[in-house]
Amino acid sequence: MIARVIRRLSLRGLTLAVLALFLIATIATGLSILAANRVTVAQLVDRRIAAIADVVLERDAGEGVPATATLLARMAQLAGERDTGDVGLVLQGADGRVLGGNIRLRRLLPPGLSDLRTRDGITGLSHGRALVRDAGTGRRLTVVAETEPLDSYRSARTRIYLIGFGSIILIVVGGILAFSRLVGRRIAEQRATVEAIIAGDIRHRVPVTGSADEFDRQAAAFNRMLDRIGELMEAMRGQSHDIAHDLRTPLARLRAQLAAMAAEASRPDQAARATDALAQCDTLLAMFAALLRIAEIESGHRQAGFAPFDLPALVEDTATMMMPVAEEAGHQIMVAVERSAISFIGDRQLLTQTLVNLIGNAIKYGRAAGTIRVTLGVTQEGWTLSVADDGPGIAAEDHAQALRRFGRLDQARSATGHGLGLPLVDAVARLHHGRLVLGDAAPGLIVSLILPRA
């Protein structure tokens, strides 16, 4: 049970829990020591005044209860001795009258042991113990001794405990906070590296301080792993890039030859076949261009061109530009843009292309003569750019497939395309530290681009 709770605690929660337990244990220990000290002193004083009372009330051999004069003589002798000079003695008669002694009492003390305070009015005594015994024939002997040998000793002792244990608490609290800050900083460095890599900067690494401690060794291992991953990704990206470049040249030549064949064809069937082959060639060229575009975006180099711009104006202008295309296909575009003082920093060209792709998909897969809704709003996360259609939509279990490269769904097989539209939009979203979300427009599909604040 305890292990399960510890696993669920965050670093801050664990630090606070350890700190709270330490404070409780330290305070409890200090109070226990203080209480034990007081009890021990009181017991020692009780034994001492009991021994003195025994000496005063001791009966001589063959005699009965000591006479008052005998008791007063013994009290005077004890009051003058060095070892008992700080002890108070008083003998009272049956009527409460003081028969002798070196102290005076303001109140009648109960038989047996009791505590004394400053309010009891005994000169020079702030805290002490008193023992009241029967001295025979109704007389009462009271023996008093201090539990604090020095004035204000209790407050001085309390200050000593507060300073001593307070110093321990401050040192441990400071150490825990310093350790928590160190661990938090090193974890924050790793988190910053992970976020930078997610954003596309695969060259980012965890800082190494050179102390060769556990954190440095962890950072070094993490960096070696990133180096290896970077090498593999660079090799894959290079191969994809080389393949795309190498194939684009022969495809371009093939397209030129097909265009010439279509123009020079003597029969209509030959021209039709050449035109169909030309269209297939254009599809391949567009697919390779999209692959190169995604590779360029994922490399993170486009972030160097980030600049502030008016995102609401971009959405309005792009949607307005696409309205004739939508009307030609029998669709209507409705735009709702929320104006805000929140600035946006990003790649204007990429976001324009992204919105064009989303509206194009809505035109292609939306219901005939349907409505396409383009909205831009502000949430706690930042900007939310959404494009919704009223077509068949995409089932929730197929969302991951739709975001894969070449991940075309069954209902899209008959339509033109190569399954790289949504992966391209997803790459743009991640380049801007955002995310792409597919949802149900009821009916239709709503694609939302969540872009964080600048």
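Modeller: Buried means under 20% relative accessible area, exposed means over 50%, and partly exposed is in between (1.4 Å probe, protein chains only). This is a predicted model, where local features need pLDDT of at least 70 and side-chain atom pairs count only at pLDDT 80 or more, while totals for chains, interfaces and linings use all residues. Residues are numbered from 1 along each chain as its sequence is written, and side-chain values use heavy atoms, without hydrogens and water.

Biologist: Thanks! Is Pro-423 buried or exposed?

Modeller: Pro-423 sits in helix 10, residues 421–431; helices (H or I, at least four residues) and strands (E, at least two) are DSSP runs numbered from the N terminus. Its relative accessible area is 6%, so Pro-423 counts as buried.

Biologist: And how far apart are the C-alpha atoms of Pro-423 and Leu-436?

Modeller: Along the chain, Pro-423 and Leu-436 are 13 residues apart. In space, the distance between their C-alpha atoms is 9.5 Å.

Biologist: Let's widen the view. What share of the residues in the protein is buried?

Modeller: The protein has 10 helices and 12 strands. Of its 454 residues, the share that counts as buried is 36%.

Biologist: In what order do the strands of the mixed sheet stand?

Modeller: Two strands pair if DSSP finds at least two bridges between them. Here five strands make an open sheet with mixed pairing, and their order is 7-9-10-12-11.

Biologist: Which strands stand at the edges of that sheet?

Modeller: An edge strand here has a single partner strand, so one of its sides is left without a neighbour in the sheet. That describes strand 7 (332–337) and strand 11 (435–440).

Biologist: Which helix packs on this sheet?

Modeller: The sheet's neighbouring strands are turned by 15 degrees against each other on average, direction ignored; axes are lines fitted to C-alpha atoms, for helices over the stretch in contact, and angles run from 0 to 180 degrees between N-to-C directions. The packing helix touches strand 7, strand 9 (371–378), strand 10 (382–388) and strand 12, where contact means heavy atoms within 4.5 Å. Its direction makes about 170 degrees with that of strand 7, and its name is helix 7 (residues 311–328).

Biologist: How many residues of strand 10 are buried?

Modeller: Strand 10 pairs in the antiparallel sense with strand 9 over six bridges, and with strand 12 over seven. Strand 10 is largely enclosed by the rest of the structure, because the count of its buried residues is seven of the seven.

Biologist: Which residue in strand 12 is the bridge partner of Val-387?

Modeller: A hairpin of three residues links strand 9 to strand 10, and Val-387 of strand 10 has Val-374 as a bridge partner. Towards strand 12, Val-387 is bridged to Val-447.

Biologist: I noticed Pro-443. Which residue is joined to Pro-443 by a cis peptide bond?

Modeller: Pro-443 is in the loop between strand 11 and strand 12, two strands that pair in the antiparallel sense over six bridges. Most residues other than glycine have a negative phi, and most peptide bonds are trans. Here omega is about 0 degrees, and the cis partner of Pro-443 is Ala-442.

Biologist: What is phi of Ala-442 near?

Modeller: Ala-442 shares that loop between strand 11 and strand 12, and its relative accessibility of 61% makes it exposed. Its phi is positive, in a residue other than glycine, and is near 50 degrees.

Biologist: Which strands does the loop with Thr-137 connect?

Modeller: Thr-137 also has a positive phi, near 50 degrees, and is exposed at 65% relative accessible area. Eight bridges hold the antiparallel pair of strands on either side, with Asp-134 bridged to Arg-140. The loop lies between strand 4 and strand 5.

Biologist: What is the order of strands in the antiparallel sheet?

Modeller: This open sheet has five strands. Its order is 2-1-5-4-3.

Biologist: One last residue: what is the relative accessible area of Thr-193?

Modeller: Thr-193 lies in helix 4 (residues 153–198). Leaving aside residues up to four places away in sequence, Thr-193 touches His-204, Arg-205, Val-206, Phe-222 and Leu-226. Thr-193 counts as buried, because its relative accessible area is 0%.
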